Amino acid sequence: MAEQLDRADIKILRALQRDGRLSTVALAENVGLSPTATTERVKRLTREGYIKGYHAVLDPAMLDRALLVFIEITLDKTTPDVFAKFALAVRASREILECHLVAGGFDYLIKTRVKDMEAYRNFLTQTILSLPGVRESRSYAVMEEVKAELTLPV
């Protein structure tokens with residue numbers, strides 16, 4: 001798909017990743033196009049799925065979500081019905097920020113943010129261990145976020 005993008009499209013994507021609140025005029029100046037041409041390109045990039053949306057980046061510590069935890073999940077069976085039930089339950093949990101089916105020594109990798117270790121212990125027992133099909137979990141509390149990049153290298 002990236003072959004369809006020209007230099008101006010890439011400049012637009014880069015600029016919007018840095019600041020999704022850029023005005024059309026500022027974005028147009030940034031990429032060297034007219035505001036009308038820029039607006040049409042942004043609409044096309046959105047319609048084609050390159051731009052999925054716009055979000056504010058919140059400070060987890062300010063919102064009592066300073067503790068970042070990754071959790072390895074091993075299921076008791078790896079059958080399509082168990083995968084489907086697990087995925088459905090994960091999607092319903094607001095506390096689970098990310099969940100990825102992975103290849104390797106376990107089945108899923110989950111990312112969550114909680115207030116502190118006590119909150120994590122409650123989340124683990126009330127949410128994670130009650131997910132359908134969970135046989136085992138391993139938790140990794142993050143001591144320091146060395147890099148947490150939100151932009152894609154375009």
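These notebook entries record what I looked up in the structure.

**Entry 1. The model**

I note at the outset that this is a predicted model.

**Entry 2. The largest pocket**

I began with the empty space. Rolling a probe the size of a water molecule over the atoms shows where such space is left. The largest pocket holds about 1500 Å³ of space. I counted 37 residues in its lining, and those closest to the centre are His 55, Ala 56, Val 57, Leu 150 and Thr 151.

I then asked which elements give two or more residues to the lining of the largest pocket. They are helix H1 (7-18), strand E1 (67-75), strand E2 (96-101) and strand E3 (108-114). Helix H1 gives the most, with four residues. Sorted by class, the lining has 18 nonpolar, 14 charged and five polar residues.

**Entry 3. The nonpolar cores**

In soluble globular proteins, nonpolar side chains tend to be buried together. I therefore looked for such groups here. The largest nonpolar core has 18 residues. Those with the most contacts inside this core are Ile 71, Ile 73, Phe 86, Ile 110, Tyr 120, Ile 128 and Leu 131. Strands E1 and E3, with helix H4 (80-91) and helix H5 (117-126), are the elements that give two or more residues to this core. Strand E1 has the largest share, at five residues.

I listed the contacts of Ile 71, leaving aside neighbours within four places in sequence. One group of partners is Tyr 108, Leu 109, Ile 110 and Thr 112. Tyr 120, Phe 123 and Ile 128 are also in contact with Ile 71, as are Ser 137, Arg 138 and Ser 139.

I also found a second, separate core of ten residues, which includes Ile 12, Leu 16, Leu 27 and Ile 51.

**Entry 4. Leu 45 in helix H3**

I next turned to Leu 45, which lies in helix H3. Is Leu 45 buried or exposed? Its relative accessibility is 0%, so Leu 45 counts as buried. Neighbours within four places in sequence aside, Leu 45 is in contact with Leu 5, Asp 9, Ile 12, Leu 13, Tyr 50 and Ile 51. Of these contacts I recorded the spacing to Leu 13: the two residues are 32 apart in sequence, and their C-alpha atoms are 8.5 Å apart in space.

**Entry 5. Val 69 in strand E1**

I placed Val 69 in strand E1. With 1% relative accessibility, Val 69 counts as buried, because the cut-off is under 20%. The C-alpha atoms of Val 69 and Ala 141 are separated by 4.4 Å, although these residues stand 72 apart along the chain. Not counting residues up to four places away in sequence, Val 69 touches Ile 110, Lys 111, Thr 112, Tyr 120, Ser 139, Tyr 140 and Ala 141.

**Entry 6. Aromatic pairs**

I found three aromatic pairs in the structure. In the pair of Phe 83 and Tyr 108, the ring centres are 6.0 Å apart and the planes lie at 75 degrees, so the pair is edge-to-face. This pair links distant parts of the chain, since Phe 83 is in helix H4 and Tyr 108 in strand E3, 25 residues apart. Phe 83 is partly exposed, with a relative accessible area of 24%, whereas Tyr 108 counts as buried at 6% relative accessibility.

Tyr 120 and Phe 123 form a tilted pair, at 6.2 Å centre to centre and 45 degrees between the planes. Both residues lie in helix H5, three residues apart, which is about one turn of the helix. Tyr 120 is buried, with a relative accessible area of 5%, and Phe 123 is buried too, at 6%.

I also noted a cluster in which ring pairs link Phe 83, Phe 86 and Tyr 108.

**Entry 7. Two loop residues**

I looked up Asp 64 in the loop between helix H3 (35-47) and strand E1. The phi angle of Asp 64 is near 55 degrees, a positive value in a residue other than glycine. Asp 64 is partly exposed, with a relative accessible area of 45%.

I found Thr 127 in the loop between helix H5 and strand E4 (134-141). At 17% relative accessibility, Thr 127 counts as buried. Residues up to four places away in sequence not counted, Thr 127 touches Ser 93 and Asn 122.

Definitions and conventions: Residues numbered from 1 in each chain as written. Predicted model: local features only at pLDDT ≥ 70, side-chain atom pairs only at ≥ 80, totals over all residues. Heavy atoms only, no water. 1 Å grid on protein atoms, 1.4 Å probe; cavity = no way out; pocket = protein on both sides within 12 Å on 5 of 7 lines; lining within 4 Å. Points joined across faces, edges and corners; volume = space filled by probe spheres on them. Nonpolar A, V, L, I, M, F, W, Y, C, P; charged D, E, K, R; others polar. Core = buried A, V, L, I, M, F, W, Y, C linked by side-chain atoms within 4.5 Å. Buried < 20%, exposed > 50% of the residue type's maximum accessible area, 1.4 Å probe, protein only. Contact = heavy atoms within 4.5 Å. Phe/Tyr/Trp six-rings, centres within 6.5 Å; stacked < 30°, edge-to-face > 60°.
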